[in-house]
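Reader: Let us go through this model by question and answer. Please keep the replies brief.

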Amino acid sequence: MGLTPMMQQYLEVKESCKDCILFFRLGDFYEMFFEDAETASKELELVLTGRDCGLEKRAPMCGIPFHAANAYISRLVNKGYKIAICEQLEDPSAAKGIVKRGIIKVITPGTYMDSSFLEDNKNNYIMCLYINNEKSSFAISFADVSTGDFSCTDAPLDISVVLDEISKYAPKEILVQEELEEQICSGIKERFNTSFTKLSEEFFCSDTIGTLKNQFAYINEEEYSGDLIKCCGSLLKYIIETQKTGLSHINSFQYYSIVDYLSIDSNSRRNLELTENLREKNKKGSLLWIMDRTNTSMGARQLRRWIEQPLVDKISIQGRLDAVEELLNNLPIHEDLKEALKEIYDIERLVGKISSKSVNAKELISLKSSIEKIPAIKEIISSFTSNLFINMHKNLDELQDIYKILYEAILENPSISVKEGNLIKEGFNEEIDELRIAKVHGKEWIASLENNEREETGIKSLKVGYNKVFGYYIEITKSNLSSVPEGRYIRKQTLANAERYITPELKEMEDKILGAEEKLINLEYEIFVQIREKIETEVDRMQQTARIISELDCLSSLAIIALENNYCKPEINNAEEIYVQEGRHPVVEKMIPSGSFVSNDININTTNEQLLLITGPNMAGKSTYMRQAALIVIMAQIGSFVPAKKAVISVCDKIFTRIGASDDLAAGKSTFMVEMWEVSNILKNATNKSLILLDEVGRGTSTYDGLSIAWSVIEYICKNKKLKCKTLFATHYHELTKLEGILEGIKNYSVSVKEMGSDIVFLRKIIRGGADQSYGIEVAKLAGLPIDVINRAKEILARIEKEKSSDVNIEEITDKVNSNVLSKKNSEVIRSEQSSEIIREVALDKRESHQMNFIDIEKENLLKEISSIDILNMTPMDGFNKLYDIIKRTKKL
Ligand code: ADP
């Protein structure tokens with residue numbers, strides 16, 4: 001037995017797309033076979049059947065109707081699968097032998113373009129990563145096939161920088177070298193929910209510059225590294241090979257340098273909840289949720305990019321701030337702008353569809369009505385005087401020539417399908433008009449035929465009808481058949497209670513009508529394609545207009561939030577200080593009852609207030625305060641007004657945070673290891689222009705180790721001239737507050753609380769000076785711990801506090817450190833181990849006495865337990881077990 005010819009064809013096609021699920025077109029269905037069928041039936045909950053394939057066993061098979069394919073494709077793509085679409089390439093009725101079939105498109109998570117299934121306010125990126133281990137460098141490129149964005153960068157190899165870039169773009173698919181180290185691959189996979197495609201070295205070594213030059217005519221290969229060209233060319237090649245269609249909208253090659261934007265590492269992006277909240281990973285509760293008041297999808301995507309990539313160039317930041325201010329100073333004009341923006345569709349994605357030839361006439365009407373609003377928008381911004389608006393006004397192409405074509409050619413309410421006619425407006429094409437007249441005339445003739453024949457035959461119920469098989473016919477019920485004049489009609493079909501007839505004239509007219517209809521459909525499609533192609537030549541102009549509209553929408557959104565939330569315009573400088581008066585956390589203030597957020601000042605610089613040491617109980621508001629500082633800086637560098645009464649912000653180059661849980665915890669690493677890894681990364685990469693937030697550094701290990709590490713980290717930051725970065729450091733180690741005055745630049749702050757009897761009230765106000773108590777037990781009580789546990793904890797605390805000598809004497813340690821520093825004349829920085837060792841020395845002496853406390857407590861527990869044993873009411877076995885337990889515990893003491 002051999003394979004059937006159809007199955008042979010299937011397997012040949014499948015050979016070329018082994019990593020895809022193959023949708024194989026058979027008539028009105030896409031069928032899947034073998035493993036593909038098993039996967040698809042599971043993922044899509046389809047019935048798995050079988051088909052004879054010429055082998056002993058039937059081939060597993062499942063299928064979907066072709067007209068419903070899009071929804072199934074989107075479900076599979078969202079699950080990370082790739083789908084190859086194999087179509088019939090010839091009309092089956094005209095085919096000799098087996099119908100020719102071929103793959104017309106491969107749909108992958110990163111190249112998916114169906115806008116009805118893509119999120120409107122998010123780009124759908126595909127990324128290519130190329131690592132050169134010999135040169136120790138990397139290149140990355142990104143593209144959004146639905147909008148035409150294409151950008152790239154390269155830098156010395158640093159995996160954390162690679163991860164930061166990935167987290168900025170959140171690509172749906174990543175192309176990597178086949179031989180890329182598994183460690184790097186799994187590192188990326190663990191952090192990002194993305195699908196991987198491995199490409200061979202041959203793929204990267206093909207004529208990548210040729211591919212790029214074909215797409216971006218102006219590209220000059222000498223300006224870029226060979227690896228960058230490989231990386232970009234391979235990404236483009238992959239897109240071309242999968243899409244197999246026009247990509248004229250990918251026309252702008254944008255190289256950026258990593259230092260062009262504020263660097264925020266991937267953990268900090270998560271922890272600061274820039275675009276999604278930590279828990280549910282959705283927009284609500286994120287900075288984007290507060291800031292996004294855009295009116296167009298293009299604006300929403302642009303704003304997301306602005307948040308992902310705050311600026312570092314003071315002039316550009318100032319440009320956005322001035323524009324926002326101008327909108328706020330001209331509220332009625334801003335209102336007009338908002339209204340006009342509301343009527344603009346997603347020009348970027350419509351242009352993408354034009355270039356990939358998938359646009360329909362309805363979408364062209366959306367494009368037309370969007371373009372219709374552009375002159376009004378241009379007029380609205382014409383009165384503005386800030387530089388950004390002046391430039392936008394100058395560069396905003398009104399696209400009126402395109403409007404004119406669309407207005408004259410496309411019907412206001414055309415069919416969705418481009419192959420059913422009803423697309424082109426009257427007066428645009430003479431032949432179309434004539435065919436329409438012929439069609440209408442024929443239909444009128446048929447309509448009048450019914451009346452004529454009724455009169456001629458006297459049969460009142462005579463009807464003229466139409467069906468696809470027999471065309472037009474005259475229908476007469478059985479009861480009237482005797483009235484039909486002999487020889488008048490030709491019998492065509494007999495029904496249960498009627499006869500259907502035709503006449504030669506009727507058939508002649510039918511040919512005319514159907515001929516006109518078919519010609520009309522073909523001609524309308526032809527003209528539609530001509531119009532689409534004509535407009536396609538103007539893709540870059542439309543993209544430029546789309547970009548300006550999206551930026552206008554972002555500025556408008558920034559003005560709305562500034563007005564509604566009472567933000568202030570920050571003053572931007574390079575003076576290495578951050579001063580915020582009455583600052584608020586933009587998100588927390590929206591999550592709690594209106595007006596209940598307590599504002600706080602922030603004053604931090606690289607000289608006398610370099611490291612703010614913040615103490616205070618849990619739940620007091622320390623991390624909110626620290627995050628607020630970072631978010632205010634980020635907002636300012638986006639070009640937004642900020643939640644404060646006054647703000648002076650010097651531009652930061654990087655923001656680091658060591659707060660809360662990290663990505664790596666999910667990857668199974670210990671909390672302490674991850675914490676130390678992150679701190680080490682910060683200390684290696686921060687500069688004196690950076691802002692760092694450190695929350696509870698050292699808490700993951702024993703008290704003394706933790707305290708030593710926290711202390712030496714503080715010293716390292718304050719004493720290392722290269723570092724000297726602005727730092728907010730929240731800690732539970734109250735001992736560290738004694739460092740103020742000893743180390744230059746450290747200032748103690750605490751979050752105030754009020755004691756009310758045995759309870760505490762959080763005042764949320766940051767005040768100068770360290771906290772003297774941690775109120776841990778009071779906070780535990782607020783959290784609802786059983787009262788017995790609370791009372792016992794108080795007892796234990798009282799006993800421990802009695803042993804004052806067990807405290808680490810910070811002055812004693814500091815004296816030791818200082819004398820060591822003085823003896824090392826030329827040393828600038830105290831090595832971290834040094835302070836750690838000294839603190840350990842002092843602490844170890846004390847540990848003994850600390851341990852004594854715990855032994856005493858356990859002894860006391862044991863005695864209490866023994867004296868409460870009710871021996872008379874115990875069975876001998878219970879008594880024996882109790883005695884055994886007591887002996888065991890006593891041996892441990
Ligand atoms: P900590 O880091 O000290 O444990 P958090 O910063 O997590 O405390 O704050 C705990 C809660 O207190 C927050 O979820 C928030 O609801 C509230 N909070 C914090 N700061 C403020 C403030 N300034 N005004 C009002 N509520 C606040």
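Reader: How many residue pairs are in polar contact across the interface of domain 2 and domain 3?
Author: This is a predicted model, where local features need pLDDT of at least 70, side-chain atom pairs count only at pLDDT 80 or more, and totals for chains, interfaces and linings use all residues. Residues are numbered from 1 along each chain as its sequence is written, and side-chain values use heavy atoms, leaving out hydrogens and water. A polar contact is a pair of N or O atoms within 3.5 Å; within protein, one must be able to donate a hydrogen and the other to accept it, and residues adjacent in sequence count only if both atoms are side-chain atoms. Between domain 2 and domain 3, with both residues at pLDDT 80 or more, the rule finds 8 residue pairs.

Reader: Which helix gives the largest share of the side of domain 2 that touches domain 3?
Author: Helices are DSSP runs (H or I, at least four residues), numbered from the N terminus. The leading contribution to this side of domain 2 is 3 residues, and they come from helix H4 (residues 159-169).

Reader: Which residues form a salt bridge, and at what N to O distance?
Author: The term needs a side-chain nitrogen of Lys or Arg within 4 Å of a carboxyl oxygen of Asp or Glu. Between domain 2 and domain 3 the count is 1 salt bridge. Side chains of Arg305 and Asp149 meet in a salt bridge, N to O, at 3.4 Å.

Reader: Which three residues supply 38% of the area that domain 2 buries against domain 3?
Author: Buried area is the accessible area (1.4 Å probe) that two parts lose on being put together, summed over both. Domain 2 and domain 3 bury about 1,200 Å², with 41% of it on carbon and sulfur atoms. On the side of domain 2, the trio that supplies more than any other three residues is Thr147, Lys168 and His249.

Reader: Which residue has a polar side-chain atom 3.1 Å from an oxygen atom of the ligand?
Author: Backbone atoms also approach ligand oxygen: an N or O atom of Gly621 lies 3.0 Å away, and a polar atom of Lys622 is at 2.9 Å. The side-chain atom at 3.1 Å belongs to Arg764.

Note on methods
Helix = DSSP H or I, 4+ residues; strand = E, 2+ residues; numbered from the N terminus.
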